[in-house]
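Visitor: I would like to go through this structure with you and ask, term by term, what stands behind each label.

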Amino acid sequence: MAAVNILINNKTYLAAGRSVAKPAIVDFSLTLNPGEFVCLVGPSGCGKTTLLNIIAGLDQDYDGEILTAKANTSPKIGYVFQNPRLLPWRTVRENIELVLDSQIPASMVDELLEMMQLTSVQHVYPERLSLGMSRRVAIIRAFAVNPDVLLMDEPFVSLDAPTARQVRELLMQLWQRRPHRVLFVTHDLREAIALADKLVFLSASPMTVVREMAVPIARDGRTDEAAIEAFRQQLKSGYPDISGLL
Amino acid sequence: MIGFQKLLPTLSLLALTAIWQGVAVFVNSHTLPTPYAVAWVLWQAIASGQLPYHLGVTLLRLVTSFTIAMLMGSAIGILLGRSRKLDAFFDNWLVIFLNVPALVTIILCYVWLGLVESAAILAVVINKLPNVIVTVREGTRALDQDLLDMARCYGFGKRKTLLHVIWPQLHPFIMAATRSGLALIWKIILVVELLGRSNGMGYQLHLFFQLFDVASILAYTIAFVVVMQLIELLVLKPLDKTAQRWRR
């Protein structure tokens, strides 16, 4: 298992009604080490979703490359979208099983459902689930494919605070047992500090990396709100180049 | 009260029959026979095997042309819905075929191919096809791009995407095409039979018209409506139910 390198020299987009393409992402480069949880923090509308879509292979119209250890193969992707994107006509369990190869044992799905506390609703259709539950299903689906890179696009947005905290804790438990490379997009710095090994601060459009920084708080100290707040204040006052983005 | 409400459909049918009976007795003409006379003719037509035979022939034509039109129409509709270029090219064709009168296609098919079974089927298919294409094309345009992206990023492949992502979204549109299609084909098929076949419901009705046999016309009509209702009840409704079970 080696690093995955993401290199985007230039990505432009054509706004509706315009004839000249505007730059969306310039000179972006990022290395994802095995088992590393990376949070992308940046102002909304800066191009984070565009970046994730490029990495996921959904957007191929850019100048750059996504490199994995195996030459010429694109990384296997698990993607937790901003809205859950479950198939409403398939049950929770079917939604998970659909992304899997047929030789993967059913016990793995059982185990994932158990970890995310969804065993009791596995045969329910998604429209009957709360948003928090749907998000948990989407997280299971992403982990289930054993991805090289797990993309998460603000998966806790529009959840109330207690639900968000609960899903966040479940996610951390799951990730510590299955430590994939995670690229997590958020505009909430507290959330990013609570989750990440490494923070990557992004500029407003056209997007580029402003600063990378490791989170110095130990994993078991991440539930300590005070420690998180202290680090947040330290970031805001100590680094004028990023405080403007937060 | 609930018991009474359940009886309402039956009551309304009885009321309709009663009105018919009243008017028939009042005008007292052989051009409007009583319900009883029609029921008698219906029974005789069934017992003699005449009605089942002609109804069967028409149903066979219906199933054949319906199946061809739905399969071709769905395939073409999905293609046009997914490709803007194809759609831009074929849109005019669609508009033309949608607006050619049914009678014209029927006459032309008979003139060009002769008074044969394949000409009859083709005429029905040509009348129904544009309808299916337009409905399925609308359904394809309305496909959820978010779900398609999800399928692509998780490597669903063509078969899985079609079966689990596209088909369930198209299902309501295909059902709409089915319902409107059956009603349309019924009507066209009778004209096709009237103009160029020597069996089937249309041929029989034409015969009764020449004999001024209104009782037989009404008897065949009733048989007709009953069969359509049975199709709706036994085939379409259950299909709807299984496909919509995920809805709240």
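**What stands behind the labels**

Guide: On one side of α2(B), B:Y36, B:W43 and B:A47 are exposed, where exposed means over 50% relative accessible area, buried under 20% and partly exposed in between, with a 1.4 Å probe and protein chains only. This is a predicted model, in which local features need pLDDT of at least 70 and side-chain atom pairs count only at pLDDT 80 or more, whereas totals for chains, interfaces and linings use all residues. Residues are numbered from 1 along each chain as its sequence is written, chains are lettered from A and ligands numbered from 1 in the order in which they are written, and side-chain values use heavy atoms, with hydrogens and water left out.

Visitor: Which residues of α2(B) are buried, and why are they said to line one face of the helix?

Guide: The buried residues are B:P35, B:V38, B:V41, B:L42 and B:A45. Seen down the axis of α2(B), they fall within an arc of 125 degrees, so they line one face; the arc is that of the directions from the helix axis to the C-beta atoms. In general, an α-helix has 3.6 residues a turn, so residues three or four places apart point the same way.

Visitor: How do you know that the span of α2(B) agrees with what is expected?

Guide: The expected span is 1.5 Å times one less than the number of residues, which for the 13 residues of α2(B) (35-47) gives 18 Å, and the end C-alpha atoms are 18 Å apart, so the two agree. Helices (H or I, at least four residues) and strands (E, at least two) are DSSP runs, numbered from the N terminus.

Visitor: What makes β3(A) and β8(A) a pair?

Guide: Two strands pair if DSSP finds at least two bridges between them; β3 (residues 37-41) and β8 (residues 198-202) of chain A are joined by 4 bridges and run parallel, so they satisfy the definition. A:C39 stands opposite A:L199 in β8(A) and also opposite A:F184 in β7(A), and β3(A) pairs with β7(A) in the parallel sense over 5 bridges.

Visitor: Why are β5 and β9 of chain A called edge strands?

Guide: The open sheet has 6 strands in the order β5-β6-β7-β3-β8-β9 (chain A), with mixed pairing, and β5 (77-80) and β9 (209-214) each pair on one side only.

Visitor: What makes β7(A) mostly covered?

Guide: In β7 (residues 181-186) of chain A, 6 of its 6 residues are buried, with A:R181, A:L183 and A:V185 on one side and A:V182, A:F184 and A:T186 on the other.
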